[in-house]
Amino acid sequence: MWQEFKKFAFKGNVMDLAVGVIIGAAFGKIVTSLVADIITPLVGLLLGGINITHLQIQVGNAVVKYGSFLQTIVDFLIVAFSIFMFIRFFNKLKRKQETEEKQEKPKPSREEELLTEIRDVLKQGIQRETDK
């Protein structure tokens, strides 16, 4: 059983997944800090310093904190938009790199061009003979 567990736990995919989860958690902290420390205060300034987290209603003995819920939704939208912008920027860089790699494709040497021409002529000759 131990050997089977080691085989499972140390497979490449499991290790990649573990690294992804750890990096994702660290990235989540960065995004949370971005939202809480930078974006939310700026949005608060734009909205005239409105703070909705304290909004609540009391129904009997229960307190419904709908302001905190609304703030969580706003935070989610800001985080989702931030991640979208990051991924969009990353994909743009990736496409630019791929375009540069395609442009850097080496031109075939003179010998390769001649061999290609010879190959094409031979193909045409073979096709003509089979058509007869």
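This section describes the overall fold of a predicted model and the lining of its largest pocket.

The protein chain contains 4 helices and 2 strands. From the N terminus, these elements follow the order α-α-β-β-α-α, so that the two strands lie in sequence between one pair of helices and another.

The radius of gyration of the protein chain is 30 Å, whereas a compact globule of 132 residues would have a value near 14 Å. The C-alpha trace extends over about 95 × 55 × 30 Å along its principal axes. Of the 132 residues in the protein chain, 6% are buried, with burial taken as under 20% relative accessible area. The accessible surface amounts to about 12000 Å², and carbon and sulfur atoms account for 66% of that surface. When contacts in the protein chain between residues at least 6 apart in sequence are considered, 36% of them connect residues at least 24 apart.

The largest pocket has a volume of about 200 Å³. Two helices, α2 (12–46) and α3 (66–103), each contribute at least two residues to its lining. Within the residue range of α2, the lining includes T40, V43 and G44; within that of α3, the lining includes Q71, V74 and I78. Further lining residues are L47, G49, I50, N51, I52 and T53, whose positions fall between the ranges of the two helices. By residue class, the lining of the largest pocket comprises 6 nonpolar and 6 polar residues, and no charged residue is present in this lining.

Key:
Residues are numbered from 1 along each chain as its sequence is written. This is a predicted model: local features need pLDDT of at least 70, side-chain atom pairs count only at pLDDT 80 or more; totals for chains, interfaces and linings use all residues. Side-chain values use heavy atoms; hydrogens and water are left out. On a 1 Å grid over the protein atoms alone, a cavity is a set of points where a 1.4 Å probe fits but cannot get out, and a pocket is an open set with protein on both sides within 12 Å along at least five of seven lines; lining residues have an atom within 4 Å of a point. Grid points are joined across faces, edges and corners, and a volume is the space filled by probe spheres set on the points. Ala, Val, Leu, Ile, Met, Phe, Trp, Tyr, Cys and Pro count as nonpolar, Asp, Glu, Lys and Arg as charged, and the others, Gly among them, as polar. The radius of gyration is taken over C-alpha atoms; the globule rule is 2.2 Å times the number of residues to the power 0.38. Buried means under 20% relative accessible area, exposed over 50%, partly exposed in between (1.4 Å probe, protein chains only). Contact means heavy atoms within 4.5 Å. Accessible areas come from the Shrake-Rupley method with a 1.4 Å probe; for residues, only the protein chains shown count as cover.
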